[in-house]
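User: Got a minute to walk me through this one? I'd like the metal site, the pockets and the sheet.
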Amino acid sequence: MSTIQDIAQAVETGKLKLIEGLVTNALQEGLEAVTILNEGMIKALAAVGEKFQRSEIFVPEMLVAARTMKKGVEILKPKLGSGATTSFGKCIIGTVQGDLHDIGKNLVAMMIESAGFEVIDLGVDVSKDQFINAITSNPDAKVVALSALLTTTMPMMQDTARAIKGGRFTVKVMVGGAPITQEFADQIGADGYSTDAAGAAQLAKKLAA
Ligand code: B12
């Protein structure tokens, strides 16, 4: 029997080879995909971050935990979407320049896509100019979603959001990521902020309406 604890433990200790079986078993046993994601995987990565902060583990361990989570999310993916059929238009998403974290951004992209958007994912380390070029090439885009996980890349999020808001674009800007707050979002002139992927999808729909 696979429990949430087994999954959390596998992510935390980077048991890449075990994760597929554990997640598949948990789903077969009737655990909800969203519970596995939130209680098993996201909490485990938060614990990994705390261990890193205490210098109990280092970048390689953090990386293997991230890979394990990604593998697990692949298995959950078909179960996480809402299967919406309404079309809300295009959403451009990316992690801002200097930042390579993409697990949260990918979850947000997945939820936004399943809420009914066509997602244009620019990936990680995306410069202000790359965002502007993507908006220029997709003038019908409704929302741009910026992700940042490092306090050192928050200024880049600010530059990017301000450049977009300062241009002649109608697109709405939403922001998120672990260090981002509503206060910061307001300060940089973003149109919206959410703490998690499910909230991000709701917010994108509201902004596109
Ligand atoms: C995994 C990880 C890595 C992996 C990333 C792999 C990958 N492909 O993403 C690797 C090993 C590469 C890595 C590298 C580094 N990392 Co790192 N990493 C993490 C860790 C453990 C987990 C992040 C994660 O994926 N969480 C799970 C996801 C689901 O959560 P999330 O990203 O927050 O996303 C959710 C919300 O924030 C929100 N959201 C996210 N984006 C968006 C966007 C929008 C628009 C919206 C609305 C919402 C939203 O929705 C998501 C889903 O619910 C965190 C710890 C932590 N507590 O965050 C440290 C952490 C972010 N890393 C940290 C550091 C220091 C680094 C390095 C500088 C380490 C180093 N010395 O090299 C490098 C930086 C590399 C770079 N230039 O980016 C620090 C940052 C400290 C700080 N205050 O800035 C943290 C907090 C660890 C710590 N406690 O010290 N890291």
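Analyst: Here are short answers, topic by topic.

User: What are the ground rules for this model?
Analyst: The model is predicted: local features need pLDDT of at least 70, side-chain atom pairs count only at pLDDT 80 or more, and totals for chains, interfaces and linings use all residues. Residues are numbered from 1 along each chain as its sequence is written, and side-chain values use heavy atoms, with hydrogens and water left out.

User: Which protein donor does the cobalt atom of the ligand have?
Analyst: His 101 is the only one, through NE2 at 2.3 Å. Donors here are N, O and S atoms within 2.8 Å of the metal (3.2 Å for Na, K and Ca); water is not among the atoms, so sites may look incomplete.

User: Where does His 101 lie?
Analyst: In the loop between strand S1 (89-95) and helix H5 (103-114). Helices (H or I, at least four residues) and strands (E, at least two) are DSSP runs, numbered from the N terminus.

User: Pockets next. How much space lies in the largest pocket?
Analyst: About 1,500 Å³. On a 1 Å grid over the protein atoms alone, a pocket is an open set of points where a 1.4 Å probe fits, with protein on both sides within 12 Å along at least five of seven lines; lining residues have an atom within 4 Å of a point. Grid points are joined across faces, edges and corners, and the volume is the space filled by probe spheres set on the points.

User: Which residues lie nearest its centre?
Analyst: Leu 45, His 101, Ile 103, Gly 104 and Leu 149, out of 49 lining residues. So the cobalt donor, His 101, is in that central group.

User: Which element gives the largest share of that lining?
Analyst: H3, with 11 residues. Helix H3 spans 33-53, and other elements supplying at least two residues include helix H4 (59-80) and helix H9 (197-208).

User: And the chemistry of the lining?
Analyst: It divides into 31 nonpolar, 11 polar and seven charged residues. Ala, Val, Leu, Ile, Met, Phe, Trp, Tyr, Cys and Pro count as nonpolar, Asp, Glu, Lys and Arg as charged, and the others, Gly among them, as polar.

User: What about the second largest pocket?
Analyst: About 230 Å³ of space lies there. Its lining has six nonpolar, one polar and five charged residues. H5 gives the largest share, six residues.

User: Why does it lie between the domains?
Analyst: Domain 1 (4-80) and domain 2 (89-208) both give residues to its lining, so the second largest pocket lies between them. The bounds come from an automatic or database domain assignment.

User: Switching to the sheet. What is the strand order?
Analyst: S2-S1-S3-S4-S5, an open sheet of five strands with parallel pairing. S2 and strand S5 (192-193) are the edge strands, each pairing on one side only. Two strands pair if DSSP finds at least two bridges between them.

User: How many bridges join S1 and S2?
Analyst: Five, in the parallel sense. Gly 89 stands opposite Phe 117 in S2.

User: Why is S1 largely enclosed?
Analyst: Six of its seven residues are buried, so S1 is largely enclosed by the rest of the structure. Buried means under 20% relative accessible area (1.4 Å probe, protein chains only).

Key
Buried means under 20% relative accessible area, exposed over 50%, partly exposed in between (1.4 Å probe, protein chains only).
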